[in-house]
Amino acid sequence: MYRNSFKRLIDFILVFCALLIIWPILLVIIIFLHFANKGAGVFFTQDRPGKDAKIFKAIKFKTMTDERDAEGKLLPDAQRLTKVGRIVRSLSIDELPQLINVLKGDMALVGPRPLLPKYLPLYSKEQYRRHEVRPGITGWAQVNGRNNISWTKKFELDVWYVDHCSFWLDVKIILLTVKKVFFREDISKEGEATTVPFDGTN
């Protein structure tokens, strides 16, 4: 009952109220990113698979410039990630624009994180089950290691969430997310500026 009806209603009400409160903060972030990103823009969208693997446009704050090398290729992520962007990412503020995705019904506050469409053919049948629910801004995998655990473990946690989704589990995940953000834990995998791509085995 909760997963199929009340969860969506609760998400909409919470996000609508949250946006009414935090819009001044979002405006300040937009101004800082505008200058830090050197004309590269403040927002970017990416195709992501949602519930039942239906593709939607996920919205995020842009934390990197579009700087390129002499051959016109984008510089590595670590070189393009700005100081402001690093702070925004470490506090998970880059995910805040996805509140719009929650209002639209593309996403939920809690659920498996939406990944790249190119990963879809790489999932096992069990891993693919992560698409039985709406993807979330935060999720069970994010509060149990986030970028410091293997992809295999992340998918196991995602499917566990699908099978155990409940109101109180969502509350627990949100509270643990606040703790993770406050202590800035598991932002990136050790030795990497961003997470390591999934190749079907890792």
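Buried, in these entries, means under 20% relative accessible area. I worked from a predicted model throughout.

**Entry 1: V110**

I began with V110, which is placed in strand β3. Is V110 buried or exposed? Its relative accessibility is 2%, so V110 counts as buried. I then looked up its surroundings. Leaving aside neighbours within four places in sequence, V110 is in contact with K7, R134, G136, T138, G139, Y161, D170, I173 and I174. I noted I174 in particular: V110 and I174 are 64 residues apart in sequence, yet their C-alpha atoms are 7.5 Å apart in space.

**Entry 2: the nonpolar cores**

I next looked up the largest nonpolar core and recorded 31 residues in it. Those with the most contacts inside this core are V15, F61, L99, W140, Y161 and I173. Which elements give two or more residues to this core? I listed α1 (2-36), β2 (55-61), α4 (98-104), β3 (108-110), α5 (151-164) and α6 (167-183). The largest share, seven residues, comes from α1.

I followed one of the core residues, W140, further. With neighbours within four places in sequence left aside, W140 is in contact with L157, W160, Y161, L169, K172 and I173. Another core lies apart from the largest one; I counted eight residues in it, among them L115, Y123, W151 and F198.

**Entry 3: helix α3**

I turned to helix α3, residues 83-90. Its buried residues are G85, V88, R89 and S90. I found that α1 is included in what covers them. Just after α3, I noted that S92 takes a positive phi of about 60°.

**Entry 4: positive phi in the loops**

Most residues other than glycine have a negative phi. I therefore recorded K38, which is not a glycine and has a positive phi of about 55°. K38 is found in the loop between α1 and β1 (43-49). I also recorded A53, a residue other than glycine whose phi is positive and near 65°. A53 is found in the loop between β1 and β2. Which of the words buried and exposed applies to K38? With a relative accessible area of 61%, K38 is exposed. A53, by contrast, has a relative accessible area of 13% and is buried.

**Entry 5: T65**

I looked up T65, which lies in the loop between β2 and α2 (77-80). T65 has a relative accessible area of 2%, and I therefore entered T65 as buried. What is T65 in contact with, once its neighbours within four places in sequence are left aside? I listed A36, N37, K38, A40, R80 and T82. K38, the exposed residue of the previous entry, is thus one of the contacts of buried T65. I also recorded a polar contact of 2.8 Å that joins the side chains of T65 and E67.

**Entry 6: the cavity**

Last, I searched the whole structure for cavities. How many cavities of 30 Å³ or more are found? The search finds one. I recorded a volume of about 30 Å³ for the largest cavity. Its lining consists of P49, G50, P112, R113, R130, H131, V133, R134 and P135. I sorted these lining residues into four nonpolar, two polar and three charged. R134 had already appeared in my first entry, as a contact of V110.

Key:
Residues are numbered from 1 along each chain as its sequence is written. This is a predicted model: local features need pLDDT of at least 70, side-chain atom pairs count only at pLDDT 80 or more; totals for chains, interfaces and linings use all residues. Side-chain values use heavy atoms; hydrogens and water are left out. A nonpolar core is a set of buried Ala, Val, Leu, Ile, Met, Phe, Trp, Tyr and Cys residues joined through side-chain atoms within 4.5 Å. Buried means under 20% relative accessible area, exposed over 50%, partly exposed in between (1.4 Å probe, protein chains only). Helices (H or I, at least four residues) and strands (E, at least two) are DSSP runs, numbered from the N terminus. Contact means heavy atoms within 4.5 Å. On a 1 Å grid over the protein atoms alone, a cavity is a set of points where a 1.4 Å probe fits but cannot get out, and a pocket is an open set with protein on both sides within 12 Å along at least five of seven lines; lining residues have an atom within 4 Å of a point. Grid points are joined across faces, edges and corners, and a volume is the space filled by probe spheres set on the points. Ala, Val, Leu, Ile, Met, Phe, Trp, Tyr, Cys and Pro count as nonpolar, Asp, Glu, Lys and Arg as charged, and the others, Gly among them, as polar. A polar contact is a pair of N or O atoms within 3.5 Å; within protein, one must be able to donate a hydrogen and the other to accept it, and residues adjacent in sequence count only if both atoms are side-chain atoms.
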